[in-house]
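Open the model in your viewer and set it to cartoon. This tour goes stop by stop, with a selection to make at each one.

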Amino acid sequence: MNLLADFASYLRAALVKMILFIGIAVVLACLTSANGFARPAHKKNTRINVLFIAIDDLKPTIGIYGDRLALTPNIDKLALSGTVFRNSHCQQAVCAPSRASLLTGLRPDKTQVWDLKTMMRDKNPDIVTLPQYYIEKGYETAGTGKIFDPRSVDSKLDEPSWSVPYANVNGSRWIAATEKISTEAGNVDDSELMDGQIALKGIELMRQLSAGDKPFFLAVGFKKPHLPFVAPQKYWDLHHRDDFSIHPFQEHARNAPEFAFQPGWELRNAYVDIPKEGPISEQKQKELIHGYYACVSFIDEQVGKLMNELDALGLRENTVVILWGDHGWHLGDHDMWAKHTNFEQSTRSPLIISAPNISGGKSSDSPVEFVDIFPTLCQLTGVEIPSDLDGLSLVPVMDDPKFSVKPFAISQFHRTFSGQKVEGYALRTKRYRYVEWIAAYKSYDPYSDEKIVARELYDYETDPLETVSLVDSAEYKSVVEKLHGQLKNFLEDKASPVEDSQGSLNSSESFDLAQNYPIRFNLETKIKYASPVRGAIERRVCKPLISDQ
Ligand SMILES: [Ca+2]
């Protein structure tokens, strides 16, 4: 009995050990599989993504730029996490040339896209664009909406630039209008208009890209506030027409050459409610200004949707967000509408960059240019900066907004004068704008003073509205000489802006946005009040950072 009992006891113990062994083996197998030993590990992407937001025809009618009438809570919020460049200028104030230059980091005289019909790769088959460069660096690149101007690239919106086929979005330019009118409102959902669709497509792409193993460069290009000024009624209702005034200076600047101005053909030639020539009534001007601001608020809401998705996906900490408008816009100043000039309201364009590991709420008056965007993004994402770019990284300015990387920005535009082509090169410093109009010339040609057919000088400290060109004023003789010398050196490629000022610290009035903006205004309150679901809005009061209008 004892032996049998002992044997039975032995069997039970052996059985328990066996069960324990099998159990432990199963658990271990599960654990190793769960730890990924049984299959390749999923490598978490720790590189920096880029969210690249382009806004067509957006001037700095943005709250954070000091515009009292703008309602742009989402862009303002983005700006408070980044750096606002208040003295930022496009290279040529019209869509295709500005975008081709920005997206290649090369000035228009190198891309040779100066108009709305030249195909960028006909002139430069081997040019490497910013998104294309990111593909080379191991990124996934995707785009939707308007990034390149479609008139300057192939039907796939520059196929070499995108690793994911470009996501086109279609839609009507008007809500219900059967005629080509310049403004329209309608009780429609955002998603019924093209820009609402672009935001949704941007979100879809962001989700798709964030699920992949590669870092991404996602470009989302909104089409408003480009004409016609069409937006859902709720964005028109955010603004009160009586709050808007027509521009106080509606004449051509004294002493400026007549050809420097344009007759507003983009507005006058395309819309049935605008006279082909002659005065535009005060009532219609206010409607246009109201429409522009409504479209800006409409786009601001779409920017908010993208930013919310970026946060929801947990991507904010490893994504650089950049927002830019491709050039400025004349809203009636100098009796002009639209762009196509070398004046301040055409060349000055919003630029906001928010980057992980660089503190936000900064604002800089340093002159900067859109050719600076390519190298800046490279540095912010830890990618080597190509050596043949025309711009400079703005990271030193983002680190310390008192820093200047260059003493001036250069814009250009062409005209016909006395039967010949003249090219106007505008040099913008912190205080001045100096323009030379040069006959039958581009910057790659030999420079000669004798080819200059006209010059202009504006002093924004004494004349922010550019009412008079001071180029012949005795008081400004030494200023003109200095700026002429700088422009001549630049055009002769003897001294790029780099050599003139790199590493210099200036003592300009740069300040902390969070402390100075807004003075009597709480951002959260503004977002609440600016919500389109609310009809009435409390008018806000904040200190303008720079005199815009
Ligand atoms: Ca444009």
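This is a predicted model. Start by selecting Phe 85 and Ser 364: Ser 364, in strand 12, is the bridge partner of Phe 85. Now show strand 2 (residues 83-85) along with strand 12. The two pair in the parallel sense over 3 bridges.

Widen the view to the sheet. It is open, has 7 strands in the order 4-6-1-8-11-2-12, and its pairing is mixed. Strand 4 (140-145) and strand 12 (362-364) are the edges, each pairing on one side only. Ignoring direction, neighbouring strands are turned by 15° against each other on average.

Next, select helix 2. Helix 2 packs on the sheet and touches strand 2, strand 8 (319-325) and strand 11 (351-354). Its direction makes about 55° with that of strand 11.

Add helix 10. Helix 10 also packs on the sheet, touching strand 1 (49-55), strand 6 (216-222) and strand 8. Its direction makes about 170° with that of strand 1.

Keep both helices on screen. Helix 2 (residues 73-80) and helix 10 (residues 282-312) pack at about 50°, axes 7 Å apart. That angle makes helix 2 oblique to helix 10. Show side chains at the contact: Pro 73, Asn 74, Ile 75 and Leu 78 from helix 2, with Asp 300, Glu 301, Val 303, Gly 304 and Met 307 from helix 10. By class, that is 5 nonpolar, 2 polar and 2 charged residues.

Last stop: helix 7 (residues 194-210). Its angle to helix 10 is about 10°, with the axes 10 Å apart, so the two are roughly parallel. Their crossing is right-handed.

Definitions and conventions: Residues numbered from 1 in each chain as written. Predicted model: local features only at pLDDT ≥ 70, side-chain atom pairs only at ≥ 80, totals over all residues. Axes fitted to C-alpha atoms, helices over the stretch in contact; angles between N-to-C directions. Helix = DSSP H or I, 4+ residues; strand = E, 2+ residues; numbered from the N terminus. Parallel < 35°, antiparallel > 145°, perpendicular 65-115°, else oblique. Contact = placed C-beta atoms within 7 Å. Nonpolar A, V, L, I, M, F, W, Y, C, P; charged D, E, K, R; others polar. Left-handed = near helix turned anticlockwise from the far one by under 90°. Pairing = 2+ DSSP bridges.
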